[in-house]
Amino acid sequence: SLAAVLLDLCPVYMIIIAFFAFHEKITGRKVLCLLLSLAGVILLSGLGTSKPVWTKLGLLFGILSGIFYASYGLLSKAATNKGYTSTTLNFYSLLFGALICAPFTDWKTTGAIISSFGAKAVVVMIFNSLCCSLFPYLLFASALQYIDAGKAGILALGEPVAAMILGLLLFNEIPTILMLLGMVVIIIALVIMNMPDKNAIAEGASPEEISGSSIKTADLGRNDSQDNREK
């Protein structure tokens, strides 16, 4: 539970670094939604219901996991601002990730599993890689083309809610009252995060303009980078 909470601190790092790197505003809404989301994550994880087990090394790795996850989002944001697509980003990210992890992989056990279960094991491995690696990062990188990094990081905190629902449907894991409360808190945070900007509405902007403002900004950035490369 502590490891999960430390990983989900990544939006904190993203908001702070994005403020300096991309001049993204730290609004009251972001701070509120971030605090609500983290409170929901803590309730969902069960942290606080029992004494957490931790070591200095485990705490360090947990903090680094959040920092590196935030770094992926921020570097992806920088790349999308230069015109790279989410497909290109994920291709090279997963390619080099696979090359680095290959020497540490237990190929003997992997081969034994495939020998024992045949095509079924291969299908499960492919499905697992698509759902746990490719699709999440592809969608996250795609989101960065249309919204700022801090907001994307907060919206990604909906992951524990999905995990709880899938655990209930697939493994009959019955959530506790605190877990249900955490889910409600996270959903409230996500709803608030996606509410229209009152300032934009007051200025007479249409809903399409409000929702599409970040998209237009991203498109302008990509067009400018394309023009520079052509020159």
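1. Which helices each supply at least two residues of the nonpolar patch? In this predicted model, the helices in question are α2, spanning residues 10-21, and α3, spanning residues 28-45.

2. The patch itself lies on the surface and covers about 650 Å². The residues that make this nonpolar patch are I16, I17, F19, F20, I26, V31 and L35. Helix α2 provides the largest share of the patch, namely four residues.

3. F19 deserves a separate remark. This residue of the patch is found in helix α2. F19 counts as partly exposed because its relative accessibility is 37%, and partly exposed residues are those between the limits of 20% for buried and 50% for exposed.

4. A second topic is the second largest pocket, whose volume is about 700 Å³. This pocket is lined by 17 residues, and those closest to its centre are L94, G97, A98, C101 and S133.

5. Which helices contribute at least two residues each to the lining of the second largest pocket? They are α5 (86-101), α6 (107-117) and α7 (119-143). Helix α5 gives the most, with eight residues of the lining.

6. The chemical character of this lining may also be noted. Sorted by class, the residues lining the second largest pocket comprise eleven nonpolar and six polar ones, while charged residues are absent.

Notes. Residues are numbered from 1 along each chain as its sequence is written. This is a predicted model: local features need pLDDT of at least 70, side-chain atom pairs count only at pLDDT 80 or more; totals for chains, interfaces and linings use all residues. Side-chain values use heavy atoms; hydrogens and water are left out. On a 1 Å grid over the protein atoms alone, a cavity is a set of points where a 1.4 Å probe fits but cannot get out, and a pocket is an open set with protein on both sides within 12 Å along at least five of seven lines; lining residues have an atom within 4 Å of a point. Grid points are joined across faces, edges and corners, and a volume is the space filled by probe spheres set on the points. Ala, Val, Leu, Ile, Met, Phe, Trp, Tyr, Cys and Pro count as nonpolar, Asp, Glu, Lys and Arg as charged, and the others, Gly among them, as polar. Patches are made of residues with over 30% relative accessible area and no salt bridge: like charges are joined within 9 Å, nonpolar side chains (Val, Leu, Ile, Met, Phe, Trp, Tyr) within 5 Å. Accessible areas come from the Shrake-Rupley method with a 1.4 Å probe; for residues, only the protein chains shown count as cover. A salt bridge is a side-chain nitrogen of Lys or Arg within 4 Å of a carboxyl oxygen of Asp or Glu. Buried means under 20% relative accessible area, exposed over 50%, partly exposed in between (1.4 Å probe, protein chains only).
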